Amino acid sequence: QVQLVESGGGLVQAGGSLRLSCAASGRTFSSYAMEWFRQAPGKEREFVAGISRSGGLTTYTDSVQGRFTVSRENAKNTLYLQMSSLRPEDTAVYYCAARRDFRRGEYVNWGQGTQVTVSS
């Protein structure tokens, strides 16, 4: 089973950028579609972005479309989330997740999360 560890979170001013990484253990990373979620204080966890096994397909929630870019390097077992034009409402704990198929099927595992804080 793939193990996931996020990194790259931090404190940034509104309008700034951050790149999150999700490092996967094992040799099966390319077997899974991957997704990013986030959870703000007092709110439910919400889908942010997804990417297919090969990276050829991506999808985003409307609020980050055009500002965030999800990508992956299967050779490095790593998933990324490039976040630009950050807003205070992007403040949340960000999680990566491995899934059987692109936007469907069971979730195989989740990372522990990385905090992103955007100051106004």
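Two strands count as paired here if DSSP finds at least two bridges between them. Strands S3 (residues 18-24) and S8 (residues 78-83) clear that bar with six bridges, running antiparallel, and in S8 the bridge partner of Cys22 is Leu79. Keep in mind that this is a predicted model. Below is a quick tour of the sheet, the core, the rings and a few residues worth a look.

**The four-stranded sheet**
- S3 and S8 belong to an open sheet of four strands, ordered S1-S3-S8-S7, with antiparallel pairing.
- The edges are S1 (4-7) and S7 (68-73), each of which pairs on one side only.
- Ignoring direction, neighbouring strands in this sheet are turned by 15 degrees against each other on average.
- As background, strands of a sheet pair through backbone hydrogen bonds, either parallel or antiparallel.

**The S9-S10 hairpin**
- S9 (residues 92-101) and S10 (residues 104-110) also pair in the antiparallel sense, this time over four bridges.
- One of the bridge partnerships joins Asp101 to Arg104 in S10.
- Two residues sit between the strands of this hairpin, and Arg103 takes a positive phi near 65 degrees there.
- Arg103 does so although it is not a glycine.
- How buried or exposed is Arg103? Its relative accessibility is 34%, so Arg103 counts as partly exposed.
- Arg103 also lies over the face of Phe47, at 3.7 Å from the ring centre.

**The nonpolar core**
- The largest nonpolar core holds 30 residues, and those with the most contacts inside it are Met34, Trp36, Leu79, Leu81, Met83 and Tyr94.
- Elements giving two or more residues to this core are S3, S4 (33-39), S5 (46-51), S7, S8, S9 and S11 (114-119).
- Leu79 ties two stories together: this residue is the bridge partner of Cys22 and is among the core residues with the most contacts.
- What does Tyr94 touch, leaving out residues up to four places away in sequence? Its contacts include Glu6, Leu20, Trp36, Phe37, Val48, Phe68, Leu81, Met83 and Val116.
- In soluble globular proteins, nonpolar side chains tend to be buried together.

**Rings and charges**
- There are four aromatic pairs in the model.
- Phe37 and Phe47 make one that is edge-to-face, 5.7 Å centre to centre with 80 degrees between the planes.
- That pair links distant parts of the chain, with Phe37 in S4 and Phe47 in S5, 10 residues apart.
- Both Phe37 and Phe47 are buried.
- Ring pairs join Phe37, Phe47, Tyr107 and Trp110 into a cluster.
- Elsewhere, the charged end of Arg45 sits over the ring of Tyr95, 3.8 Å from its centre.

**Two serines in loops**
- Ser52 is in the loop between S5 and S6 (58-60).
- Why does Ser52 count as buried? Its relative accessibility is 7%, and buried means under 20%.
- Setting aside residues up to four places away in sequence, Ser52 touches Ala33, Leu57, Arg72 and Phe102.
- Ser85 is found in the loop between S8 and S9.
- Ser85 has a positive phi of about 50 degrees although it is not a glycine.
- With a relative accessible area of 40%, Ser85 is partly exposed.

Note on methods:
Residues are numbered from 1 along each chain as its sequence is written. This is a predicted model: local features need pLDDT of at least 70, side-chain atom pairs count only at pLDDT 80 or more; totals for chains, interfaces and linings use all residues. Side-chain values use heavy atoms; hydrogens and water are left out. Axes are lines fitted to C-alpha atoms, for helices over the stretch in contact, and angles run from 0 to 180 degrees between N-to-C directions. A nonpolar core is a set of buried Ala, Val, Leu, Ile, Met, Phe, Trp, Tyr and Cys residues joined through side-chain atoms within 4.5 Å. Buried means under 20% relative accessible area, exposed over 50%, partly exposed in between (1.4 Å probe, protein chains only). Contact means heavy atoms within 4.5 Å. Rings of Phe, Tyr and Trp (its six-membered ring) pair if their centres lie within 6.5 Å; planes under 30 degrees apart count as stacked, over 60 as edge-to-face and the rest as tilted. A charge sits over a ring if NZ of Lys or CZ of Arg is within 6 Å of the ring centre and within 35 degrees of the ring normal.
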